[in-house]
Amino acid sequence: MVAAIVIGVIYWLRTREVPTPFVTQGRLQVYALDVGQGDSFLIISPEGKSVLIDAGPPQAGDEVVAALRKRNIQSLDLAVATHPHSDHIGGMIQVIENFEVKNFLDSGQTYTSKTYERMLRAITDKRIKFIVAKKGMKFELDSGVKLDVLNPQGGDQGIKKVRQGGSVENANSIVMRLTYGNFAMLFTGDAETETEEVMMKSGEPLRAQVLKVGHHGSRYATSAKFLEAVAPEVAIISVGAGNNYGHPAQSTLNRLQKAGVKIYRTDLNGEITVVTDGNKFEVHAAKQPVQIAMNRTYKSYKNY
Ligand SMILES: [Zn+2]
C-alpha cells in the first residue's frame, strides 16, 4: 500500500460579479471607470453637475461614452486632461464629439502628439472654453462641493527637473482636491514624488479619505511621507490588467498596506464607485476579488 499525502496550502484569487445597489441621488458620486491601462474618473455632484477627469486610452473611448450615457449625462460642466499622455486623453475626442463640454481644464504643457493635437483641434472646433490649470484655482460645482487645483504651480513655476526616466508631463499633472462637507478626495493624475514634495511644501491641505493613487501605482509615487500628509482610508488605483509597466508596484502596495489603507484596483475590482453625503462615504466595486485561503490535506491512496 502506498499512501501519498500531499499537504498543500492553496491560495487563489477568483473574481465574481457582485451587484451593488446603492443610493446615488442627492449624493456626491465619484466613479473610477474601468478603462484598462489609463485613468478616467467621473464626478457627479448632488445637484447633478458633472466633471470628467481624464478619458482613458483611445480604445476606452466607447467605454467612457457609455459610462456617461448610463448616468444620463448630456453635458459635462468640466472636462479635465491631467496631462497630455494618451492613456489619459485618448478617449477625450469621443467625449467631446458625443457630449456638450462647457469648460475644459488642461495642464497647459507643450506637447506634440497626434492625439493631443487632435484633442486641441476638437476643443477649438466646438468652441469649448479652454482653461489652463494653475495652483489656487477653484471650481465650485454645487454649493459645498468644490474642486481645488493644487498642481501645476503655474507660469514658470512648473516642475522642470524630474528623476532619470521620469516625465515632466507627469510631474506637471493637474492635481485636484474634491471636497464636500467633511469628505475629501485627492486626484493626482500621474504625479510622482517630486510633485508630492512640492505640494507638501506649499502647505495646502492634502488630507483626503480617498486617494486616487498617483501614476497607476508606480513605485516612484505615493511616498510614505505623502501618505502621512494625505492620511487616506481608501486608495484607488486605476490600472490595466497585465500592463507592461509593472503597475502597480509591490513597493507602493506595501506602503499603502503599512499605512492601513484599503486598496481598490480597477484591474481587479472593475468600476469603483465612491458615494458620500458629506459625512459618511461608501465604496462599491463592480467586482469583488475574493481571496480564498485553504488549508486542505489531499490524500491519495493506491492499494495493491
Ligand atoms: Zn498614465
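## Helix 6 against the sheet

In this predicted model, helix 6, formed by residues 193–202, lies across two strands, namely strand 11 and strand 12 (175–180). The helix runs at about 115° to strand 11.

Strand 11 itself spans residues 145–151 and pairs with strand 10 in the antiparallel sense, over four bridges. Within this pairing, Phe139 stands opposite Leu147 of strand 11.

## The seven-stranded sheet

Strands 10, 11 and 12 belong to an open sheet of seven strands with mixed pairing, in the order 10-11-12-13-14-15-16. Strand 10 (138–142) and strand 16 (262–265) each have a single partner strand and stand at the edges, so one side of each is left without a neighbour in the sheet. On average, neighbouring strands of this sheet are turned by 20° against each other, direction ignored.

## The nonpolar core

The largest nonpolar core comprises 78 residues. Those with the most contacts inside this core are Phe41, Leu42, Val51, Leu52, Ala79, Val80 and Met185. Strand 13 (residues 183–187) supplies the largest share of the core, with five residues.

Which residues does Val80 touch, not counting residues up to four places away in sequence? Val80 touches Val51, Leu52, Ile53, Asp54, Leu105 and Ile174.

## The chain as a whole

The chain contains nine helices and 19 strands. Of its 304 residues, 45% count as buried. Among the contacts in the chain with a separation of 6 or more, 68% are accounted for by residues 24 or more positions apart.

Methods:
Residues are numbered from 1 along each chain as its sequence is written. This is a predicted model: local features need pLDDT of at least 70, side-chain atom pairs count only at pLDDT 80 or more; totals for chains, interfaces and linings use all residues. Two strands pair if DSSP finds at least two bridges between them. Axes are lines fitted to C-alpha atoms, for helices over the stretch in contact, and angles run from 0 to 180 degrees between N-to-C directions. Two residues are in contact if their C-beta atoms, placed from the backbone, lie within 7 Å. A residue is buried if 20 or more other C-beta atoms lie within 10 Å of its own, exposed if 12 or fewer, and partly exposed in between; C-beta atoms are placed from the backbone. A nonpolar core is a set of buried Ala, Val, Leu, Ile, Met, Phe, Trp, Tyr and Cys residues joined through C-beta atoms within 7 Å.
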